[in-house]
Structures are given as C-alpha cells and as structure tokens.
There are 2 protein chains.
Amino acid sequence: MKKTANKPQMSKETLLPLLASHVLQHGMGGASLRPLAKAAGTSDRMLIYHFGNKEQLVSDLLRHIAGVYSAALDAGMGEERATTRQQCAARILAQGREPMMQPFMALWWEIVAGAARGKAGYREAGESMMSELLEWLESQMPEGDPDPVGGARYLLTLIEGTLMLGTVGHARTAREGLLASDLAPN
Amino acid sequence: MKKTANKPQMSKETLLPLLASHVLQHGMGGASLRPLAKAAGTSDRMLIYHFGNKEQLVSDLLRHIAGVYSAALDAGMGEERATTRQQCAARILAQGREPMMQPFMALWWEIVAGAARGKAGYREAGESMMSELLEWLESQMPEGDPDPVGGARYLLTLIEGTLMLGTVGHARTAREGLLASDLAPN
DNA sequence: CCGATTATGTAGCACCTGCTACATGGGCTT
DNA sequence: AAGCCCATGTAGCAGGTGCTACATAATCGG
C-alpha cells in the first residue's frame with residue numbers, strides 16, 4: 001500500500017465533471033446543493049468547503065461547462081469544409097439537433113436568461129461559448145468565401161435566431177425565413 | 001350602499017395584472033407563491049384558491065403576459081412604414097432596446113428556457129409572443145418589398161439572433177454580422 | 001331572515017434551501 | 001511518536017417551498 005488511498009479524494013477538478021453532468025441533465029434550476037452533492041457522491045457541506053459558496057460553485061461550474069462544450073464542438077467537427085454558406089449553416093444546425101448536443105441546447109437558454117438578469121458567471125460562460133462557436137464556424141466557412149469573418153458572424157446570428165425560434169415552436173417560421181434569405185438553395 | 005363592497009373582491013382577472021407586474025420586475029425564478037401573494041396584496045392561500053395550483057397559475061400568468069406584450073407592441077408601433085428592410089430591422093431592434101421593453105426582454109429568455117425544458121405554459125406563451133411580433137413585423141415591412149411575408153420571417157430570425165448575441169455580450173459580433181449581410185447599408 | 005355559497009385569515013404540515021458548528025478521522029511532516 | 005492540517009460525517013439553524021385544514025366572515029338567493 002503506497003499513498004494511493006482508496007478514499008474518494010475529491011477536489012474541484014474531480015468534482016466539476018460530475019456536477020456538470022448532473023446540471024446538463026437537470027438544468028440550472030435544479031442546481032441546489034444537496035442534489036448536486038448526491039450526484040457528485042459528496043455532501044452539501046463538502047461542496048461549500050471546496051467552492052466557498054454556491055455563487056462561486058456556479059461560476060466555476062459554468063466555466064467548466066463552457067470548456068466541455070468547446071471539446072464537444074471539436075469532437076463533432078468534420079474534416080472537410082463546406083462548399084457554400086448555405087451548406088455551412090445547414091451543417092451547424094444539424095449539429096445542434098444531434099442528441100449529443102441536446103443537453104447543451106437546453107442549458108444554453110438558462111445561461112442566456114441568467115446573463116440577461118446579470119447573474120454572476122452566466123454572461124461570461126455565454127460569451128465564451130459563443131466565441132467558441134464563432135471560431136468553429138469561421139473554420140467551417142467555404143474555401144473561396146469573399147468575407148469569411150463577416151460571413152461567419154452573419155451566419156451565427158441567423159443560426160441562433162433559428163434555434164431560438166425552433167425552441168418556442170416557430171421552427172417553420174425560421175425555415176421559411178431562411179428560404180427567403182440570400183442563403184436560399186437555388 | 002348598494003352591492004359595491006369596499007372589500008378587495010379579488011379574482012383571477014384582478015390578480016393577474018399585479019402578478020404580471022411583479023414577474024416582469026423580478027423574473028420567473030422568483031415567482032414563488034408568497035412573494036407573488038404579497039405583490040398582489042393577498043396570501044398564498046388565496047392564490048391557490050383562485051388558480052388551483054401553482055402550475056395553473058404560471059400558465060394563466062404567462063398567457064396574460066403574452067397579451068400585455070401584444071398591447072405594448074401596439075402602443076409602440078409607429079404610424080408610417082419603413083422604406084427599406086434594413087430600416088425595418090433597425091427600427092424593431094431599437095424598440096427592443098427601449099426601457100419599456102426591458103422587462104419583457106429579461107423575461108423572454110426565461111420563457112425560452114422554460115420552453116426548452118418543456119415546462120407547462122412556457123412554449124405556448126413564447127409561441128404566441130413570437131407570432132405577435134411576426135405579425136407586427138409584417139405590417140412594418142417596406143411598401144414595395146418583393147416578398148413581405150418571407151422577408152418578415154427572415155428579419156425576425158436575424159433580429160432574434162441579434163438580441164441573443166447581445167444578451168451574452170456579443171453585440172459587436174451581431175453588428176458585424178448584419179454589416180456583412182445583404183441588409184448592409186450601402 | 002335563513003341557509004348556502006363564496007371569500008378570507010390563521011396555523012400548520014413536510015420538505016427543501018444555503019450554510020455553519022463541532023467532532024473525528026486519517027495522512028503528512030518533523 | 002507528536003503535532004497538525006485537510007477531509008469528512010452528523011446535527012442543526014433560520015428561513016422558504018407548495019399546499020391543506022379549519023374556522024370565520026361576507027354575500028346572495030330563497
């Protein structure tokens with residue numbers, strides 16, 4: 001028996017993945033200490049011990065989740081670029097509809113809502129995740145695009161609007177809007 | 001003294017405006033029975049009495065708020081139409097930034113988040129508010145627009161994406177995206 | 001004027017909330 | 001071996017949660 005104890009031996013770093021997984025499944029609304037603690041195999045007491053207070057825990061957790069999101073984006077990134085902007089948008093919208101991304105989508109709107117209310121950590125997490133997505137989108141822009149940087153921003157705006165409309169039952173509205181845009185497949 | 005008692009004499013209809021005003025200020029997260037009751041000058045007991053349970057209360061409240069939103073839109077509607085799509089989008093984005101609309105904007109993302117989690121009443125309220133906005137937008141489309149219906153849907157998608165990006169600190173991204181679109185003022 | 005329905009207040013239930021005090025361990029350094 | 005610090009368990013706090021039971025008051029139909 002060396003120093004490798006079989007006791008849990010927890011730390012922020014070991015706790016965060018477990019907490020993130022729980023939050024991705026159940027949302028930020030249900031992120032109260034005791035359920036979180038149970039999901040991580042600890043007690044609420046220990047969560048406060050490691051993070052100081054709940055606000056700090058939420059901040060750290062959101063930052064961690066933003067990192068996980070980035071990794072998930074990388075994992076889902078295709079090899080070859082798109083050949084048209086329209087294909088590029090379609091590709092990322094399809095990615096957003098993948099089951100693997102579903103928990104992120106549900107959590108995303110809670111992050112936006114928290115940011116709108118000025119909650120600590122929410123705006124930073126949202127901004128970071130959008131920056132990540134924007135970067136990914138730029139890398140996916142067609143080869144000969146005349147303005148890949150501006151185009152990526154334009155597509156991002158359209159894509160996020162489409163996702164939002166879909167969430168409140170206006171998927172059809174967004175689809176018809178895209179058909180009426182300069183992205184229409186003709 | 002006829003039958004007009006000076007006692008409060010509450011009902012769903014008299015309660016809902018008071019509840020809505022509280023929720024618009026403090027958000028759905030703080031919409032627990034006792035604060036709501038205090039804001040409406042009643043007790044949690046009476047809220048349950050009138051609405052049956054909290055879920056029903058939230059449903060009724062969201063439907064009521066969707067109606068208030070519609071009225072606020074009408075009140076802010078300008079007389080003359082826009083002359084270009086770009087002006088049309090700018091006008092509605094400005095409207096969203098008005099102080100009067102601010103509580104709706106903050107509440108909006110909570111509605112979207114609730115819709116994404118399948119909470120009762122949220123999707124319906126979100127869908128209704130978007131339909132209202134779409135209708136308003138159609139009425140604002142330029143006179144000689146070749147495709148006002150599709151154009152309104154296209155603008156709505158862009159506008160909502162812009163609002164979302166602004167909420168998470170990416171207002172600049174959205175602005176640059178619009179500049180790179182076919183809406184660019186040139 | 002009486003009886004029934006409607007409206008409201010007071011207490012209270014069982015549970016959850018973030019957080020703390022205190023004790024006890026177990027492993028580390030010296 | 002002594003002392004010490006980090007980790008963890010048990011209890012508990014004051015307050016909030018949705019909701020209910022019960023009693024009472026007000027109002028209205030007969």
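**Close-up 1: the end of helix α8 in chain B.** Just after α8(B), B:G169 takes a positive phi of about 85°. This is a predicted model, so read each view here as a prediction. The helix that comes before this glycine, α8(B), has 20 residues. From its first C-alpha to its last it reaches 28 Å, close to the 28 Å expected at 1.5 Å a residue. Is α8(B) mostly enclosed or open? Count the buried residues: 17 of the 20 in α8(B) are buried, so the helix is largely enclosed by the rest of the structure.

**Close-up 2: helix α5 of chain B and its buried face.** Start with the length: α5(B) covers residues 85–97, which makes 13 residues. At 1.5 Å a residue they should span 18 Å, and the end C-alpha atoms are 19 Å apart, which agrees. Which residues of α5(B) are buried? They are B:R85, B:C88, B:A89 and B:I92. Look down the axis of α5(B) and these buried residues fall within an arc of 95°, so they line one face of the helix. Here's a handy bit of background: an α-helix has 3.6 residues a turn, so residues three or four places apart point the same way. On the other side of α5(B), you'll find B:A94 and B:R97 exposed. As for what covers the buried residues, α7 (122–140) and α8 (148–167) of chain B are included.

**Close-up 3: a loop residue in chain A.** Now hop over to A:M77, which sits in the loop between α4 (54–76) and α5 (85–97) of chain A. Why does A:M77 count as exposed? There are 12 other C-beta atoms within 10 Å of A:M77, and a residue is exposed if that count is 12 or fewer. Try finding A:A152 too: A:M77 and A:A152 are 75 residues apart in sequence, and their C-alpha atoms are 16 Å apart in space.

**Close-up 4: chain A, helix after helix.** Chain A has nine helices and zero strands, so there's no sheet to hunt for under the DSSP-run definition. Its C-alpha atoms fill a box of roughly 65 × 40 × 25 Å, taken along the principal axes. Of the 186 residues in chain A, 37% are buried. Take the contacts in chain A between residues at least 6 apart in sequence: 60% of them join residues at least 24 apart.

**Close-up 5: where chain A meets chain B.** The contact takes 42 residues from chain A and 42 residues from chain B. Which element gives the largest share of chain A's side? That's α8(A), with 14 residues. By class, the side of chain A that touches chain B has 20 nonpolar, 13 polar and nine charged residues. What's more, 100% of the interface residues of chain A are also interface residues in chain B, so the copies meet through the same surface.

**Close-up 6: the axis between the copies.** A rotation of 180° with 0.0 Å of shift along its axis superposes chain A on chain B, with an RMSD of 0.0 Å. The two copies are thus related as by a two-fold rotation axis. In chain A, the C-alpha nearest the axis belongs to A:G161, 1.9 Å away from it.

**Close-up 7: A:V112 in the nonpolar core.** The largest nonpolar core has 100 residues, and A:V112 is among those that touch the most other members. So are A:L61, A:L155, B:L61, B:V112 and B:L155. Leaving out residues up to four places away in sequence, A:V112 touches A:G126, B:W109, B:M164, B:T167 and B:V168.

How values were computed:
Residues numbered from 1 in each chain as written. Chains lettered and ligands numbered in written order. Predicted model: local features only at pLDDT ≥ 70, side-chain atom pairs only at ≥ 80, totals over all residues. Contact = placed C-beta atoms within 7 Å. Helix = DSSP H or I, 4+ residues; strand = E, 2+ residues; numbered from the N terminus. Nonpolar A, V, L, I, M, F, W, Y, C, P; charged D, E, K, R; others polar. Expected span 1.5 Å × (residues − 1). Arc of directions from axis to C-beta. Least-squares fit on C-alpha atoms with pLDDT ≥ 70 in both. Core = buried A, V, L, I, M, F, W, Y, C linked by C-beta atoms within 7 Å.
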